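Please examine the sequence and the model shown below. The report that follows treats the surface, the fold and two residues in turn.

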Amino acid sequence: MINKYIINFAKVFLLVDLLLIVYSLIFQNATWLLNTQVAFLGSLFVTLASFLSYRKNVTNRLATFEKKREEKSLEDRDKIDEIDDPFDLYSEYEEIPEEELTTEKIKEIINEEKSKVKKHSIKNAFTSAGGFVSIYRILGYGSLIFGFFALNNNGIFLAIPFLIGLAIVPFGTLLSKLVFKKELED
């Protein structure tokens, strides 16, 4: 099913790029066309690299989650609790009577929760590092930078067509979301 979405997005990207190629050939020159295509291909490569690295990251996290879930013993929970809380999200919660809630106790609870958030955010940064420091993304950005410098060093860099070429992928994504809205919601 995901491949169908990728193909639909690719069709829109290529259609928008084809329209830009036709515009460049009719109303502009070959340098304008070259700038748009170098930027488009670099941007497309970065986007695909990001998609692949994050997909791999999510797949690994899901596998880890499933493994931990299987290892965790849920036998001590009754069936109603499993239905109400299938992921065991609320088992740490302990009811504190209102009489015992003093300002010091509230501050202690808040500080404890803040420390949990900090621990989780640091852990999350390390576990998701593979998504933003993957070899795919480095190669994607490297190709975009290489294309920019190749154009600039040869004296044929034009900023406006380069930016238009970079905008094809975000514009194509937005257009795809509008065109395939019903399919994406299913």
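The accessible surface of the protein comes to about 14,000 Å², and carbon and sulfur atoms hold 66% of that area (Shrake-Rupley method with a 1.4 Å probe; for residues, only the protein chains shown count as cover). The model is predicted: local features need pLDDT of at least 70, side-chain atom pairs count only at pLDDT 80 or more, and totals for chains, interfaces and linings use all residues. Residues are numbered from 1 along each chain as its sequence is written, and side-chain values use heavy atoms, with hydrogens and water left out.

The protein has eight helices and zero strands (DSSP runs numbered from the N terminus; helices are H or I of at least four residues, strands E of at least two). Of its 186 residues, 23% are buried (under 20% relative accessible area, with a 1.4 Å probe and protein chains only). Among contacts with a separation of 6 or more, 72% join residues 24 or more positions apart (contact means heavy atoms within 4.5 Å).

Helix α2 spans residues 30-71 and includes Ser-43; Thr-36 also lies in helix α2. The table gives their burial and their contacts, leaving aside residues up to four places away in sequence.

| Residue | Relative accessible area | Contacts |
|---|---|---|
| Thr-36 | 0%, buried | Leu-20, Ser-24, Pro-161 and Gly-165 |
| Ser-43 | 10%, buried | Leu-144, Leu-166 and Val-169 |

The side chain of Thr-36 also reaches the backbone oxygen of Leu-33, at 2.7 Å.

Notes:
Buried means under 20% relative accessible area, exposed over 50%, partly exposed in between (1.4 Å probe, protein chains only). A polar contact is a pair of N or O atoms within 3.5 Å; within protein, one must be able to donate a hydrogen and the other to accept it, and residues adjacent in sequence count only if both atoms are side-chain atoms.
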